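Thank you all for coming. Please have the sequence and the model open in front of you while I talk, and we will go through a few aromatic rings before turning to a sheet.

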Amino acid sequence: MTRPPHPSGNLPAESTSFIGRRRELAQLRRKLSTARLVSLVGPGGVGKTRLAVRISSDLARGFRDGSWLVELAEVRDGQLIANAALAALDLRDQAANEPLAPLLSHLQSKELLLVVDNCEHLLADAARFIAEVLRAAPGVRVLVTSREPLSGPGEHVVPVSPLDLPPTLATEPLSRLRQNEAVMLFVERAAAASGEFELTASNRSAVVDLCRRLDGLPLAIELAAVRIRALSVDQILDRLGDRFALLTGGGLGALPRHQTLRTTIEWSHDLLGPADRTILRRLSVFAGRFTLDDVEGVCTSDEVPPPYALNLVISLVDKSLVVKEGTEGDAWDRLHE
C-alpha cells in the first residue's frame with residue numbers, strides 16, 4: 001500500500017476559545033520573522049503552552065514543513081529529549097542508541113517551526129539539544145516554553161505575564177469591562193461550566209475582585225470558573241482564603257500539575273535549590289512591593305548572608321517566581337498573590 005504523505009505538523013486542536021494575548025501574538029510574529037530561537041517565559045499556569053500552540057498554528061503555513069510540538073513535561077531524563085523529538089516528528093522507526101544523529105539528519109533540509117514545550121526541569125539538556133538542532137538545520141526555527149530562559153546563544157525572550165487586571169472603578173461601563181481579558185476568560189469559562197452565566201451589574205464587583213485576587217493568572221481563573229457549578233461568585237471570593245483547597249477542578253485531560261493550583265506551585269517550588277527556597281519563603285513577610293534593600297535588611301541571616309541577596313532575587317525573577325516592577329529609578333519586586 002502507498003504510504004500516505006507525511007503530515008506538516010502535529011499541533012493539537014484547540015478545545016476552548018483562545019482569549020486575548022494580542023500584544024504577545026504580535027510580538028511573537030515579529031520575533032519569529034527574524035530570530036531562530038524564541039523563548040516564552042512566565043510562571044506556571046500563565047498560558048505559555050496555549051500561546052505557543054496558537055502562534056505556531058497561525059504561522060504554520062509560512063514554513064514549508066509545518067509546525068511541530070515536542071512535549072517535555074513528562075520527560076524526566078534530559079538524555080531522552082531527542083527521543084521525544086523523534087516521536088513527535090513521527091520518526092520512531094529511526095530511533096537508535098544515538099537518536100540525535102537521525103533527528104539532525106532529518107531536520108537538516110527541513111523548513112519548520114519546532115515548539116519545545118515545558119523545558120524548565122531539563123533546562124541545561126534542553127539548551128544543548130536546541131543548540132545542536134539550530135547548528136545542524138538552518139531552516140529550522142525553535143519556539144520554547146519555560147519558567148526561565150535557556151540563556152543560549154541567539155535566544156530572544158518574550159515574557160508571558162498574567163492577563164491585564166480589570167479596573168476597580170464602579171463607574172467602568174459593563175460593555176468595557178466585558179472586554180477585559182481576565183474578566184472575559186472568567187465569564188466565558190463560567191458560562192461553559194454552568195450552562196448559564198453572564199456579567200451583570202449585581203456580580204460585576206465580585207468578578208472584578210476575584211480576577212484581581214487571582215493575579216489575572218489564567219489557570220487560577222479557569223479553576224475558579226469551574227466552581228460556578230456549585231457556588232456563586234461571592235461564595236468563591238469568600239473561600240479564596242483557602243485557595244489551594246478551592247481551586248482543584250482541573251480537567252482530567254490536563255497535565256497533573258495543572259489540575260490544581262497547589263500542584264502548579266509545587267512544580268515550580270520543587271525545582272528550586274535550597275537557598276532559593278529559603279529566600280522565597282522569607283519574602284512572604286512583605287505584604288506588597290519590596291526593594292533589594294528591604295530583602296537585605298529583613299530576609300538575610302547567617303544562612304543567607306546579605307551579599308547573596310542580589311543573586312538570589314535575580315534567580316527568583318528569572319524563574320518567574322518574583323515579579324519585577326518599574327524600569328526607572330529604583331526597581332521594585334513583588335510576589336504573585
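What you are looking at is a predicted model, and I would like to begin with Phe286 and Phe290, both of which are buried. Their rings form an aromatic pair of the stacked kind, with 4.9 Å from centre to centre and 25° between the planes.

The structure holds two aromatic pairs, so what does the one made by Phe186 and Phe197 look like? Here the ring centres are 5.7 Å apart and the planes stand at 85°, and because that angle is over 60 degrees, the pair counts as edge-to-face. Phe186 belongs to helix H7, residues 181-194, while Phe197 sits in the loop between H7 and helix H8, so this pair ties together parts that are eleven residues apart in sequence. Phe186 is buried, at 0% relative accessibility, and Phe197 is buried too, with a relative accessible area of 18%.

One further ring deserves a look, that of Trp332, since the charged end of Arg289 sits over it, 4.4 Å from its centre.

Now to the sheet, which is open and built from five strands in the order E2-E3-E4-E1-E5, with parallel pairing. Strand E2 (67-71) and strand E5 (155-159) stand at the edges with a single partner strand each, so one side of each has no neighbour in the sheet. From one strand to the next, the twist averages 20°.

Strand E1, residues 37-41, pairs with strand E4, residues 140-146, over five bridges in the parallel sense, and Leu40 has Thr145 in E4 as its bridge partner.

Technical notes: Residues are numbered from 1 along each chain as its sequence is written. This is a predicted model: local features need pLDDT of at least 70, side-chain atom pairs count only at pLDDT 80 or more; totals for chains, interfaces and linings use all residues. Side-chain values use heavy atoms; hydrogens and water are left out. Rings of Phe, Tyr and Trp (its six-membered ring) pair if their centres lie within 6.5 Å; planes under 30 degrees apart count as stacked, over 60 as edge-to-face and the rest as tilted. Helices (H or I, at least four residues) and strands (E, at least two) are DSSP runs, numbered from the N terminus. Buried means under 20% relative accessible area, exposed over 50%, partly exposed in between (1.4 Å probe, protein chains only). A charge sits over a ring if NZ of Lys or CZ of Arg is within 6 Å of the ring centre and within 35 degrees of the ring normal. Two strands pair if DSSP finds at least two bridges between them. Axes are lines fitted to C-alpha atoms, for helices over the stretch in contact, and angles run from 0 to 180 degrees between N-to-C directions.
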